[in-house]
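User: Please take a close look at a single part of this model, the annotated binding site, and set it in the context of the elements around it.

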Amino acid sequence: MNIALLGYGKMGKSIEKIALERDHQIVLKVTSETDTFDLSGADVAIDFSLPSVAVKNIKRALDSNVPIISGTTGWLDDYNEVVTYCEQREGSFLYASNFSLGVNLFFELSKKLSQLMSEFKAYHVTMEEIHHTQKLDAPSGTAISLAEAIIANTDYTNWTLKEAKPKEIHIEAKRIENTPGTHEISYHSDIDTISIKHIAHSRAGFALGALIAAEWISDKKGIFTMKDVLNIG
Ligand SMILES: NC(=O)C1=CN([C@@H]2O[C@H](COP(=O)(O)OP(=O)(O)OC[C@H]3O[C@@H](n4cnc5c(N)ncnc54)[C@H](OP(=O)(O)O)[C@@H]3O)[C@@H](O)[C@H]2O)C=CC1
Ligand SMILES: O=C(O)C1=N[C@H](C(=O)O)C[C@H](O)C1
């Protein structure tokens with residue numbers, strides 16, 4: 001497969017390594033230094049760039065009729081607009097806040113736990129996410145996905161980085177050098193705490209998941225999520 005990398009930073013480079021191992025070719029690498037680019041030689045585009053440029057990149061790929069997956073976080077206020085743009089062009093688009101198999105299993109585990117815990121009002125939920133210090137957005141896209149799923153399955157109404165009021169989920173976003181991504185969800189009562197935690201040991205899981213998604217979407221039309229790719233949930 002001929003792959004265009006829209007963003008060639010920490011994730012773009014991790015994806016390149018695994019792509020070459022899987023016999024794909026990288027035909028384009030776009031960075032902040034790139035003035036103009038041509039996607040005509042690409043079978044699929046993979047966007048891991050910046051919150052401020054992701055929407056423009058995704059639209060560029062859709063305009064070129066190239067299937068696009070995006071892992072960039074922090075731009076989701078524009079998600080519905082991108083979906084409409086994709087539908088109008090009958091294109092192919094997949095966004096995931098986290099491409100790793102482990103986190104996608106963790107999403108399912110958290111959903112089931114939230115359904116169980118919603119009956120037990122003595123417990124309240126909090127979340128902690130830890131990432132490297134270069135991360136631009138907080139909370140992480142993964143933490144937002146986790147919180148939104150809890151909200152959909154319980155009486156919680158919203159998440160906050162500030163002190164939580166009743167029915168709010170407090171998310172603590174910590175930044176520590178060289179931390180690829182850790183997410184922990186805890187249900188606290190006066191008597192005890194129940195926690196589940198996912199720790200990424202490297203970026204390899206995100207990169208492998210992104211490539212699997214790129215391979216999967218390359219011959220499809222529509223708007224997808226990792227649930228479609230992994231067939232879980
Ligand atoms: N969904 C998931 O599974 C994961 C998502 N992420 C998300 O992916 C994004 C990227 O992460 P990461 O690789 O660590 O970040 P980096 O900062 O390491 O890389 C960002 C890249 O985007 C490039 N860039 C800047 N401007 C543009 C532009 N206009 N068009 C295209 N590329 C541009 C940068 O260029 P330059 O090199 O010149 O600075 C750089 O190469 C973040 O939003 C992060 O949260 C990260 C890991 C997993
Ligand atoms: O910026 C990162 O590094 C990561 N970002 C994603 C997020 O915001 O959830 C996924 C992963 O945790 C790494």
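Analyst:

**The annotated binding site and its surroundings**

P139 is found in the loop between β6 and α5. In this predicted model, a cis peptide bond joins A138 and P139, with omega of about 0°. Most peptide bonds are trans.

The loop that holds P139 leads to α5, and residues of α5 return below among the contacts of the binding site. Helix α5 covers residues 141-153, and its 13 residues reach 19 Å from the first C-alpha to the last, close to the 18 Å expected at 1.5 Å a residue. Its buried residues are G141, T142, A143, S145, L146, A147 and I150. The buried residues of α5 pack against α4 and against the strands β6 (124-131), β7 (158-160), β8 (168-175) and β9 (182-188).

The binding site itself comes from the UniProt record, an unreviewed entry, which lists G71, T72, T73, A96, S97, N98 and F99. These positions are spread over 29 residues of sequence, yet they cluster in space, with a largest C-alpha distance of 11.6 Å.

Two of the listed residues can be followed in detail. A96 lies in the loop between β5 (92-95) and α4 (101-117). A96 counts as buried because it has 26 C-beta neighbours inside 10 Å, where the cut-off is 20 or more. Leaving aside neighbours within four places in sequence, A96 is in contact with G71, A213, T225 and M226. Of these contacts, G71 is itself listed in the binding-site annotation, while A213 is one of the buried residues of α6.

S97 also lies in the loop between β5 and α4. With 22 C-beta neighbours inside 10 Å, S97 therefore counts as buried. Not counting residues up to four places away in sequence, S97 touches T73, G141, T142, I144 and S145. T73 belongs to the annotated site, and G141, T142 and S145 are among the buried residues of α5.

Helix α6, to which A213 belongs, spans residues 204-217; its 14 residues reach 20 Å from the first C-alpha to the last, close to the 20 Å expected at 1.5 Å a residue. Besides A213, the buried residues of α6 include G205, F206, A207, G209, A210, L211, A214 and I217.

The record also places domains along the chain. The unreviewed UniProt entry annotates residues 1-99 as "Dihydrodipicolinate reductase N-terminal" and residues 102-230 as "Dihydrodipicolinate reductase C-terminal". Over residues 1-99 the chain is 32% helix and 22% strand, with the end C-alpha atoms 19 Å apart. Over residues 102-230 it is 37% helix and 28% strand, and the end C-alpha atoms are 11 Å apart.

Within residues 1-99, a helix pair may be added to the picture. Helix α2 (residues 54-63) and helix α3 (residues 79-88) pack at an angle of about 10°, with their axes 10 Å apart, which means that α2 is roughly parallel to α3. V55, I58, K59 and L62 in α2 meet V82, Y85 and C86 in α3. The residues of this contact divide into six nonpolar, no polar and one charged.

Finally, two backbone details deserve mention. E90, in the loop between α3 and β5, has a phi near 50°, a positive value in a residue other than glycine. E90 is exposed because it has 10 other C-beta atoms within 10 Å. K167, in the loop between β7 and β8, has a positive phi near 70° and is likewise exposed, with 12 other C-beta atoms within 10 Å.

How values were computed
Residues numbered from 1 in each chain as written. Chains lettered and ligands numbered in written order. Predicted model: local features only at pLDDT ≥ 70, side-chain atom pairs only at ≥ 80, totals over all residues. UniProt positions renumbered as here; feature names shortened; annotations may be inferred. Helix = DSSP H or I, 4+ residues; strand = E, 2+ residues; numbered from the N terminus. Axes fitted to C-alpha atoms, helices over the stretch in contact; angles between N-to-C directions. Parallel < 35°, antiparallel > 145°, perpendicular 65-115°, else oblique. Contact = placed C-beta atoms within 7 Å. Nonpolar A, V, L, I, M, F, W, Y, C, P; charged D, E, K, R; others polar. Expected span 1.5 Å × (residues − 1).
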